[in-house]
Amino acid sequence: MSARAPDPSALRLALLALRCLALVLPAGFRARHGAELRWALRERLRDAWESGGWGGAAGCWAAEAVDLVATALRLRAGGSPAAAGGVRALAALAVTLLLTAALLHGGSGSGPVHEVYGELVVSASDPAGDFTLTLRDGRLVGATLGGEPVPPSRLRQAGRDLAILDEAGRVLLAVEFELPGTIRWEPRLARAS
Amino acid sequence: MHTSRSESFLPLTPLSLALLLALAEGEKHGYALMQEVERQSQGQVRVGAGSLYAALQRLEGQGLVAEAAGASGEDARRRYYRLTELGGEVARAEIMRLSRVLRGAGARRLAPELTVVLEGR
């Protein structure tokens, strides 16, 4: 698989979550190493994204998040943490959990294809016939099968994974949107006449 | 039993030794150290950013590592680190200690026959 361009919004969100989590580190440590730490985290996340895509970045993010918490506990265990520090740590943890939930929702849920702006119509055909997919600002807003429009209720999207369902809710056609502007799918079989 | 100053730091943690070895090649910034530790271990060890800077802070406090003066000009966020003279002595002492461990393991048939020649400076 070729390298992917980093998804700017997802990476920003992931970094923001890690920065919030870094607030659990003692203030003196952050004052000394905070800027370097943020820079190193950004580089590491970007490298993980470029080499492993979403999976690589998610694994890297989780490992760094756990490492930050473990480091904070180790550093704080060395002294007597002030009550204010503990409260701040808990607050940072809460913020991070919220941001993580948002990140996961954006990454694998109903989010758009972030790199698509304006309207894009993809036309393709396989043994079962022609189909089109219409994306507007990255969201799947329309489709046709054999020239017939598909009701919006039968369209599904999870990030770059698009699907057209049949009336029973089964997947008729599953398509992965690849950049720049290409798709990949398992060709459907020709319908028996 | 006489204990030299460098031996009083032993045994080093695996991360401390990996960082001292990486810095023995020359000055490096934090992210380069993370990559070097991973490369040294052939991908088996991944050090997180938090652990890295905590270890660097501890090694700095012990006088084994120091900030390299004037090397961070290209980007203020990149602080470079270098091995101190004491850090080099401690790394060598740890390697000598590990070589004794290996020899002992070899004598008990727990390790392959090894010939390790190390000379302290």
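A search of the whole structure, a predicted model, finds 15 salt bridges over all chains. Four of the salt bridges are counted between chain A and chain B, whose contact buries about 1,900 Å². Chain A also contains an open antiparallel sheet of four strands.

**Interface of chain A and chain B**

- The contact involves 20 residues of chain A and 21 residues of chain B.
- Of the area of about 1,900 Å² buried between the two chains, 50% lies on carbon and sulfur atoms.
- Four salt bridges link chain A and chain B, and by class the side of chain A that touches chain B comprises nine nonpolar, two polar and nine charged residues.
- A salt bridge joins the side chains of R32(A) and E67(B), with an N to O distance of 3.5 Å.
- Polar contacts across this interface are found for 13 residue pairs, with both residues at pLDDT 80 or more.

**Helix contact between the chains**

- Helix 2 of chain A (residues 27-77) and helix 3 of chain B (residues 49-61) have axes that come within 10 Å and cross at roughly 35°.
- Sorted by class, the residues in this helix contact are nine nonpolar, five polar and six charged.

**A salt bridge within helix 2 of chain A**

- E43(A) and R46(A) form a salt bridge in which the closest N and O atoms are 3.1 Å apart.
- Both residues, E43(A) and R46(A), belong to helix 2 of chain A and are three residues apart, about one turn of the helix.

**Sheet of chain A**

- The four strands of the open sheet follow the order 1-2-3-4, with antiparallel pairing.
- Strand 1 (119-126) and strand 4 (148-149) of chain A are the edge strands; each has a single partner strand, so one side of each is left without a neighbour in the sheet.
- Strand 1 of chain A pairs with strand 2 (residues 129-136) of chain A in the antiparallel sense over eight bridges, and E119(A) stands opposite R136(A) in strand 2.
- A hairpin with two residues between the strands connects strand 1 and strand 2 of chain A.
- Strand 2 and strand 3 of chain A pair in the antiparallel sense over six bridges, and L135(A) has L140(A) in strand 3 as its bridge partner.
- Strand 2 and strand 3 of chain A likewise form a hairpin with two residues between them, and D137(A) in the turn has a positive phi of about 50°.
- Strand 3 (residues 139-145) and strand 4 of chain A pair in the antiparallel sense over two bridges, and T144(A) is opposite P149(A) in strand 4.

Definitions and conventions. Residues are numbered from 1 along each chain as its sequence is written. Chains are lettered from A and ligands numbered from 1 in the order in which they are written. This is a predicted model: local features need pLDDT of at least 70, side-chain atom pairs count only at pLDDT 80 or more; totals for chains, interfaces and linings use all residues. Side-chain values use heavy atoms; hydrogens and water are left out. Axes are lines fitted to C-alpha atoms, for helices over the stretch in contact, and angles run from 0 to 180 degrees between N-to-C directions. Ala, Val, Leu, Ile, Met, Phe, Trp, Tyr, Cys and Pro count as nonpolar, Asp, Glu, Lys and Arg as charged, and the others, Gly among them, as polar. Contact means heavy atoms within 4.5 Å. Buried area is the accessible area (1.4 Å probe) that two parts lose on being put together, summed over both. A polar contact is a pair of N or O atoms within 3.5 Å; within protein, one must be able to donate a hydrogen and the other to accept it, and residues adjacent in sequence count only if both atoms are side-chain atoms. Two strands pair if DSSP finds at least two bridges between them.
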